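Let's take a walk through this structure together, one chain and one contact at a time. Have the viewer open and follow along.

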Amino acid sequence: MSISVTGVSRRFGNTTALHPLSLEIAKGEMVGLLGPSGSGKTTLLRIIAGLETPNSGSIHFGDRDVTHVHVRKRRVGFVFQHYALFRHMSVFENVAFGLRARPSSERLSNAEIHDRVHHLLERVRLEALAKRLPAQLSGGQQQRVALARALAVEPEVLLLDEPFGALDAKVRLELRRWLRHLHEEFNFTSVFVTHDQEEALELSDRVVVMSNGRIEQIDTPQTLYRAPANRFVFSFLGETNRFAGEYREGRLHRDQAWIQLDKAGAPTSEVLLRPHELILTTAPDARAHLPVTVDAVSPVGSDVRIELTADWMDTPWLASITHHDFDRLRPERGGAFFVIPARWHQFAPENA
Amino acid sequence: MSTRSARVLPGFSLSLGVTLLFVSLILLLPMTSLIGQLSTLSWSQYWAAITDPRLIASYKVTLLAALAASLFNALFGLLMAWVLARYTFPGKRILDALMDLPFALPTAVAGITLATLYSRNGAVGSLLDPLGIEVAYTWLGIALAMAFTSVPFVVRTVQPVLEDLPAQADEAALTLGASNLYAFRRVILPHIWPAVVTGTGLSFARSLGEFGAVIFIAGNMPYRTEVVSLMMATRLEEYDYAGAAAIASLVMLVSLLLLLAINLWQGRFYRRLHGGRH
Amino acid sequence: MKRIGDGTGTRLGLITLAVILTTLFLVIPLAGIFYQAFAEGLAPFWQNLTSNFTREAIGLTLLIALMTVPVNLIFGIFLAWLVTRFTFPGRRILQTLIDIPFAVSPVVAGLLYLLLYGRTGWLGSILSEQDVQLMFAWPGMVLVTIFVTCPFVARELIPLMQAQGSAEEEAGVTLGASGWMLFRRITLPNIRWALVYGVILTNARAIGEFGAVSVVSGSIRGETINLPLQVELLYQDYNTVGAFTSAALLAALAIVTLMIKALLEWHTHRREKTA
């Protein structure tokens, strides 16, 4: 089922959680709402679910206007941040809750409920734990119960609030993949909230980046990463190094350091660079003159992360280089190098 | 003692000393006198003292009234706890403060007030009389007085538990399509159940022992409206100390067992929910 | 935010029911006390209030409260410190023992003391040889009141001190604080509102205790009649206005107690919110 959000806004007392915003989500799409805390992403999700009422605007599921439909009649699946499992009920009863809660005219027979719950528990690989209480499960298992519970009522819309926020990195990765499979198999429309850009980029068909109650950009992960709409989106999507200086004849200067910019480009006082876009060399060239000192080296993971300092920096920079380059250059703490930017990004100054 | 060196904070010996002295003098010493008094009785005398027919009638009256009072308080307390924990409305603070009135008001004051209001020509009693409802000098009056003095137990044990219940539990039930009644029965009630039982149990224990509020409205008619506390007081007035002690031993045993049962049950319940395996 | 039972109909219905029941069950009796006290006008009320009998009853009531509250305050603090800051064998038993006065009938409390200190009791007979009489005299009334009210301060302090833990005090010890300084500078500021609350509860019960003191008082006019006993005595004498005059005085004290309690709760609640 498609979801249309039209001109929705929300205030809490004097603070505006959401400025009027609109969003179209296609049937079967998986959309991530990404933003820092206080950006309004959770409020938007809760408005779609019917847990909050917007001050203005409307919500449609397909052709149905659900703006004034009570949450219990909206038929959405909602997975809560801390799962909100009913702790006095067994895993089985938690999953069966939504089925048993139906008015008697629509209720399935006990045997049907039993079958459906067991089928779902099989799907989430928790059949053996059906009789356990939530407190006896690990975080990842609880998360899967929460998902199964939300899916039991066969919602056409699945909403997830920070679904993997409380889990450790390894479980998280596994669950993410699993959710993606589930999504493809059941073909519901999913919206999830996250503050983790990696999670948003990996899971979503499209990502909605939010800040201060506004939508900054809506795009596919690839477009978002390659062509961020503004400085906020760029810096929120990954680590950022900043070079600020004075623009003179196509070059940006700061003390004795400089970067050669496009002659055709607009004059700017600031460029931003991703860590993997920095090339570490032993000599400057025509593209830049950026002398740096190595402050720390951490050869963990697929790249080597190097912290760089210099007088001309406001805050230390981070470079990530390949192990191959690392072996060639052998940077050590205190070592002097030059940085050549492979790419840089410049944005119109922000009003905020 | 090897553990003593591990005690970081000062004052162990002092606080242990003060506490033991106090507990011995104020609590334990008087209890030894009860045992002393009981030892003057033979088993058959003891049995006769606690199975006197008039006393047995008072057991029945006390149990029946205390049961009715605590059941009323379970429902009334649940309603008040819910309203105070879940809603905001003008005058809520006054309503909240009023819940403690029965503990702040001396029981004798409650007793004469209820007796006056509910007597046949009292403000409330005169309204109930034409309906054929007699309160004063019946077990109903005893139950009323017991209910009045033990109002705060259920309210004050359930209210904080309700306030602690995360909003997400409500929301989860609602997104799954549950009606108010269904969600209350399946999600909220199980959560507050231990508090309801504890509060009702405490209310029951208190009602069993209630004296000041009850004796005025009860009328104290032998075999009909005498409560156990009154029977003890009567024995004492007759200088039948051994008889009073026999009843007291039974009353204490019942209260302690009740207290123990509440604590054990509560402990087991919480352990189960907080991850203990069984 | 949507919650269970937050529909307008449910909400208003339940609030109305709660207000009606509270009015019937609590407010009408409370109003009835004052109505009865002033039933024959202001003059009889004033006359009863200022009579010698009432003055003596007030005096004894205050004496009992003044002696009970400090004893139980000190005991409550020591007990709470002991069971929340140290582990030792018998700790659980100690905590259960303290709940006994809470669970038993006040008549049983009076009876225990009568059996011990009365003329036939083993301690009472020794004392009476020395011409010391505790029962049917004010010291006995003080003793049973201490018994009945001893759990209140400790019951307020223990959960709070348990929740706060002893990390702050341990930090104080590493900084070289003495025991007294630790208590005065670190513990006391953290527990003071619970302490005030415990004192208020102790005080209210000490003033209003009836069952236990009636057993040990002997009802000697001008000597062992406190306000609650006076209420009973006048009521049995069919002096309704007199009984309700003292009752109104006690009810007024109860209302003051409730107001202080509400203020304290509001205060701590506000502090938690701003913290």
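## Starting at a proline

Set aside the neighbours within four places in sequence, and Pro106(C) is in contact with Gly209(B), Phe211(B), Val148(C), Glu209(C), Gly211(C) and Ala212(C). So where does Pro106(C) sit? Look in helix H5 of chain C, which covers residues 106-117. Is Pro106(C) buried or exposed? A residue counts as buried once 20 or more other C-beta atoms lie within 10 Å of its own. Pro106(C) has 26 of them within that distance, so it is buried. For a sense of distance inside the chain, try Ile255(C): it is 149 residues away from Pro106(C) along the sequence, and their C-alpha atoms are separated by 23 Å. Before going further, keep in mind that this is a predicted model.

The list of contacts above already took us from chain C into chain B, with Gly209(B) and Phe211(B) among the partners of Pro106(C). Let's look at that meeting as a whole. On the chain C side 75 residues take part, and on the chain B side 75 residues as well. Which helix gives the largest share of the chain C side? That's helix H1 of chain C, residues 8-37, with 17 residues. Sort the side of chain C that touches chain B by class and you get 53 nonpolar, 13 polar and 9 charged residues.

Now for how chain C itself is divided. Its domain assignment gives domain 1, residues 1-37, and domain 2, residues 42-274. Measure from one C-alpha centre to the other and these two domains of chain C are 31 Å apart. They do touch: 5 residues of domain 1 of chain C and 8 residues of domain 2 of chain C make up the contact. What kinds of residues does domain 1 of chain C bring to it? There are 4 nonpolar ones and 1 polar one, with no charged residues.

On to chain B. Chain B has 14 helices and 0 strands, so to speak a run of α after α from the N terminus on. Its C-alpha trace spans about 75 × 65 × 35 Å along the principal axes. Of the 278 residues in chain B, 48% are buried. Take the contacts in chain B with a separation of 6 or more, and 78% of them join residues 24 or more positions apart.

For a close-up in chain B, find Ala123(B), in the loop between helix H6 (107-118) and helix H7 (125-128) of that chain. Ala123(B) has 16 C-beta neighbours inside 10 Å, and therefore counts as partly exposed. What does Ala123(B) touch, not counting residues up to four places away in sequence? Its contacts are Leu117(B) and, over in chain C, Gly32(C). Glu163(B) is a different story: 40 residues from Ala123(B) in sequence, with 37 Å between their C-alpha atoms.

Chain B also meets chain A. Here 18 residues of chain B are in contact with 19 residues of chain A. Two helices of chain B, H10 (167-175) and H11 (180-209), each supply at least two residues of the chain B side. The largest share of that side comes from H10(B), with 6 residues. By class, the side of chain B that touches chain A has 9 nonpolar, 6 polar and 3 charged residues.

That brings us to chain A, with its 10 helices and 21 strands. The box filled by its C-alpha atoms is roughly 80 × 45 × 35 Å along the principal axes. Buried residues account for 39% of the 352 residues in chain A. The domain assignment splits chain A into domain 1 (3-236) and domain 2 (241-341), and the C-alpha centres of these two domains of chain A lie 41 Å apart.

One last stop is a pair of helices in chain A. Helix H5 (residues 139-152) and helix H6 (residues 169-186) of chain A pack at an angle of about 15 degrees, and their axes are 11 Å apart. Because of that angle, H5(A) is roughly parallel to H6(A). The crossing of H5(A) past H6(A) is right-handed. Where they meet, H5(A) offers Gly139(A), Gly140(A), Gln143(A) and Leu151(A), while H6(A) offers Val171(A), Leu175(A) and Phe186(A). Together, the residues of this contact between H5(A) and H6(A) come to 4 nonpolar, 3 polar and no charged.

How values were computed:
Residues numbered from 1 in each chain as written. Chains lettered and ligands numbered in written order. Predicted model: local features only at pLDDT ≥ 70, side-chain atom pairs only at ≥ 80, totals over all residues. Domains from an automatic or database assignment. Contact = placed C-beta atoms within 7 Å. Nonpolar A, V, L, I, M, F, W, Y, C, P; charged D, E, K, R; others polar. Helix = DSSP H or I, 4+ residues; strand = E, 2+ residues; numbered from the N terminus. Buried ≥ 20, exposed ≤ 12 C-beta atoms within 10 Å, placed from the backbone. Axes fitted to C-alpha atoms, helices over the stretch in contact; angles between N-to-C directions. Parallel < 35°, antiparallel > 145°, perpendicular 65-115°, else oblique. Left-handed = near helix turned anticlockwise from the far one by under 90°.
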